[in-house]
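User: I am new to this structure. Please explain the terms used for its aromatic rings.

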Amino acid sequence: MTDIINTLAGIAPGDPLDLVRDHRAQAKENAQLSFEALLEPEDPGDFSHRDRYVVAAFTAGLLGSSSGEEFYRDLLRDEDEAASWAVAELLDEVVVDLDASGPVRGPFGSYGSAALAAESVPGPELVVDAKSRETLGPITSAALEFAHLLVLHPRDAGPEDLVRLLAAGWDEDGIVTLAQLVSFLNFQIRLSVGLTALSHAPAAAEEQVPLRPLTPAEVPNRGTASAPHQTSATGKENSDIAEARARVSTYPELRRPEVFQQAGLGWVPWIAPVAEADLTEAQRAALIEAGRAKNPYFRLLARDPAALRARTLTDLDIFFNVSDGVGRAERELAATAASRLNGCLFCASIHADRATEESGRRDLVQALLDEGTGTASRLGDPVWDAIVDASVALSLTPSAFGPERVGALREAGLDDAEIVDVLGGAAFFNWANRLMLSLGEPELIAPGK
């Protein structure tokens, strides 16, 4: 099958950037396998191909990808033309609402911690209208409300959102696949955007246009507190909601982190992972590393083993293949910057710790966690600043990454293969963050645990 990321980026087989991507052959191959597992599985089960394409077309539209929206709407038209038009009409309304919210880009959302409340950014929310709901059906409409949440409000996700999905007719396996699909698209489309910019950037030897810094309005690092997230169409308590709530864990006594920190965090799921003793051979194989069977996050993702396996192999090649390309510390820095912007305290903690371990520059890494990713936050290292800026630009929704960002990375001394590593690291954590934020939450753990 044609490589979808190359297709969206306008890269032909054998083009220079295609050959650069081949340096991360496992990542390239498994990104494609992720598409196949999530969008075109041989047996889609209760989550039909039609509904997968509905969610994909809507997600691509929210991300501002005209090529992605067109690609997935073409797939959807072959399944259900009326649904394709319903998605287009819904996107027209949502994008108008987003434009009306002002120049601030997503990700939007509020922090529960008083220490981070000043960084909360309000933004539009979605309840699918009656006309679209009639065409798409209640189960698919609930999926689109969840997709809107993950794309634009990832840090607003909470256990009640999973309650609503369960009450609408989704089961735990379906919720994991839905979260994987939307999160994967946030990676796929961002990586294609970055590769498009790289292919259209002036050659390294050519004179570069001076880089325009992102304005404060373009970086949602400061704002005013937003209202609690709500997506329920009725808000009514009923037996379906009550039954669904019994299947979702909320942890009232959980010790939640108040600030971004290096290390010291665990993660708890809101819906049940597969019990370790119940893992099938296929699920254990999908973990890749046997020790992950002890981890509730990976056992939860094992509900869709094909998607988990492809995702894990993509991850490992992007971050651990050091045969060439940018250093491990810089890849972890890209992951940390994306996580800091998206508001994923757990991912930022893990990868800030790894960036420190790889670089020895604890103070610089902690400064990124403390100060955030706004334009006033400079680490004082030209390479690290360029990587943070690029990762933030790629992580904004819609993305603000263009050829000028490529120019800044080249100016800092990175070649195209190294830039592809930065793009891969930042894009991948727009996948990882949304899974961590939508399926569970971080907790403080005692030292030594």
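Analyst: What follows covers ring pairs, burial and charges over rings. This is a predicted model, in which local features need pLDDT of at least 70, side-chain atom pairs count only at pLDDT 80 or more, and totals for chains, interfaces and linings use all residues. Residues are numbered from 1 along each chain as its sequence is written, and side-chain values use heavy atoms, with hydrogens and water left out.

User: How many aromatic pairs are there, and what makes two rings a pair?

Analyst: The count is 15 aromatic pairs. Rings of Phe, Tyr and Trp (its six-membered ring) pair if their centres lie within 6.5 Å; planes under 30 degrees apart are stacked, over 60 edge-to-face, and the rest tilted.

User: Why is the pair of Tyr-111 and Phe-260 called edge-to-face?

Analyst: The centres are 6.2 Å apart and the planes stand at 80 degrees, so the pair is edge-to-face. Tyr-111 and Phe-260 are 149 residues apart.

User: Why do Tyr-111 and Phe-260 count as buried?

Analyst: Buried means under 20% relative accessible area (exposed is over 50%, partly exposed in between; 1.4 Å probe, protein chains only). Tyr-111 has 12%, so Tyr-111 is buried; Phe-260 has 3%, so Phe-260 is buried too.

User: What makes Arg-292 a charge over the ring of Phe-298?

Analyst: The rule asks for NZ of Lys or CZ of Arg within 6 Å of the ring centre and within 35 degrees of the ring normal. The charged end of Arg-292 sits over the ring of Phe-298, 4.3 Å from its centre. Arg-73 lies over the face of Trp-85, at 5.2 Å from the ring centre.

Definitions and conventions
Helix = DSSP H or I, 4+ residues; strand = E, 2+ residues; numbered from the N terminus.
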